[in-house]
Amino acid sequence: MKKLLMALALTAISAQAAYANDALKTAIAGEQRTPANVTRDAARHPYETLQFFGVAAKSTVVELAPGAGWYTEILAPYVRKDGKLILAGASPRLKTRLDGTPAVYDKVAYGEFAPGKKIDYAPKNSVDVVLTFRNVHNWISAGDTAAKEVFQSAFDALKPGGVFGVVEHRLPASATQDAKASSGYVHEAFVIKLAESVGFKLAAKSEINANPKDTANHPGGVWALPPVLTNKETDKEKYLAIGESDRMTLKFVKP
């Protein structure tokens with residue numbers, strides 16, 4: 001009887017995992033996504049990345065500084081039924097765009113996110129996952145205090161056992177890190193140390209978003225690469241051949 005109950009429990013767990021996987025795949029394949037964003041899936045690996053961070057359909061998720069909403073287009077429909085998405089620092093332009101499609105984005109919540117001024121997006125110990133994609137260099141450029149404030153806010157908002165998922169442009173360990181991260185690249189060790197300084201534990205690293213072709217020493221910094229191509233026609237083919245940046249993918253846990 002005990003073996004039967006264990007088998008049934010394992011079957012239920014597998015079924016739940018399969019549902020989560022299918023739900024995420026459905027969100028990624030959904031018509032709500034901007035065609036230009038879809039073309040970047042091969043470089044950004046949304047399915048593998050969100051699976052690595054353990055984002056479930058029932059999760060309460062915070063996305064810090066969502067920018068133009070690349071990941072928002074996936075996260076919002078994925079957690080819409082059983083979870084919750086909070087955008088911390090969404091621009092008025094992004095809000096207007098999301099408001100235009102209420103069938104997908106009507107349940108998205110918003111929080112204040114202005115490092116150095118005011119950060120208020122979730123009560124303490126209330127969320128399952130906090131995510132940030134290619135933003136850490138911006139906070140470093142605002143000074144060590146601002147970056148630490150952001151990481152502390154993530155720690156405070158998460159429930160014990162909650163996950164802080166970080167994707168960031170990676171500077172080779174042999175390269176010199178400038179204090180402002182002006183190239184857009186950051187040492188992986190710097191990010192880990194920053195997270196640990198506010199109480200996080202590094203749970204895992206992944207090379208999902210690695211790109212060994214990226215040397216991280218381009219004129220114009222990371223923005224020389226696609227999709228920005230800040231140097232325009234100068235060495236354009238070279239940068240297109242490199243592709244998007246080499247990125248660390250780090251999973252931290254709140255004890």
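Biologist: Is Glu244 buried or exposed?
Modeller: Glu244 counts as buried, because its relative accessibility is 10% and the cut-off for buried is under 20%. Keep in mind that this is a predicted model.

Biologist: Which side chains does Glu244 meet in salt bridges?
Modeller: Arg40 is one of them, at 2.8 Å from N to O. Arg247 also forms a salt bridge with Glu244, at 2.7 Å.

Biologist: Where do Glu244 and Arg40 lie in the chain?
Modeller: Glu244 is in the loop between α11 (236-242) and β9, and Arg40 is in the loop between α2 (35-38) and α3 (41-44), so their salt bridge ties together parts that are 204 residues apart in sequence.

Biologist: And Arg247, buried or exposed?
Modeller: Buried, with a relative accessibility of 4%. Arg40 is buried as well.

Biologist: How many salt bridges in total?
Modeller: The count is 12. Another of them joins Asp106 and Arg80, at 2.9 Å from N to O. That pair links the loop between α7 (102-105) and β3 (109-114), where Asp106 sits, to the loop between α5 (72-79) and β2 (84-88), which holds Arg80; the two residues are 26 apart.

Biologist: How accessible are Asp106 and Arg80?
Modeller: Asp106 is partly exposed at 43%, and Arg80 is partly exposed at 27%.

Biologist: Which residues form a salt-bridge network?
Modeller: Arg170, Glu188, Lys205, Glu207 and Asp246 are linked in one.

Biologist: Switching to pockets. What is the volume of the largest one?
Modeller: About 490 Å³. It is lined by 28 residues, and those closest to its centre are Arg40, Arg44, Ala68, Trp70 and Arg134. So Arg40, the salt-bridge partner of Glu244, turns up again in this lining.

Biologist: What classes of residue make up the lining?
Modeller: There are 12 nonpolar, nine polar and seven charged residues.

Biologist: You mentioned Trp70. Which residue lies over its face?
Modeller: Arg33, at 5.0 Å from the ring centre.

Biologist: How many aromatic pairs are there?
Modeller: There are 10. In one, the ring centres of Phe200 and Phe252 are 6.2 Å apart and the planes are at 45°, so the pair is tilted. Phe200 is in the loop between α10 (188-197) and β8 (201-206), whereas Phe252 is in strand β9 (residues 247-253), so the contact ties together parts 52 residues apart in sequence.

Biologist: Buried or exposed, those two?
Modeller: Phe200 is buried at 1%, and Phe252 is buried at 0%.

Biologist: Which cluster do they belong to?
Modeller: Ring pairs link them with Phe151, Phe155 and Phe164. The charged end of Lys254 sits over the ring of Phe155, 4.9 Å from its centre.

How values were computed: Residues are numbered from 1 along each chain as its sequence is written. This is a predicted model: local features need pLDDT of at least 70, side-chain atom pairs count only at pLDDT 80 or more; totals for chains, interfaces and linings use all residues. Side-chain values use heavy atoms; hydrogens and water are left out. Rings of Phe, Tyr and Trp (its six-membered ring) pair if their centres lie within 6.5 Å; planes under 30 degrees apart count as stacked, over 60 as edge-to-face and the rest as tilted. Helices (H or I, at least four residues) and strands (E, at least two) are DSSP runs, numbered from the N terminus. Buried means under 20% relative accessible area, exposed over 50%, partly exposed in between (1.4 Å probe, protein chains only). A charge sits over a ring if NZ of Lys or CZ of Arg is within 6 Å of the ring centre and within 35 degrees of the ring normal. On a 1 Å grid over the protein atoms alone, a cavity is a set of points where a 1.4 Å probe fits but cannot get out, and a pocket is an open set with protein on both sides within 12 Å along at least five of seven lines; lining residues have an atom within 4 Å of a point. Grid points are joined across faces, edges and corners, and a volume is the space filled by probe spheres set on the points. Ala, Val, Leu, Ile, Met, Phe, Trp, Tyr, Cys and Pro count as nonpolar, Asp, Glu, Lys and Arg as charged, and the others, Gly among them, as polar. A salt bridge is a side-chain nitrogen of Lys or Arg within 4 Å of a carboxyl oxygen of Asp or Glu.
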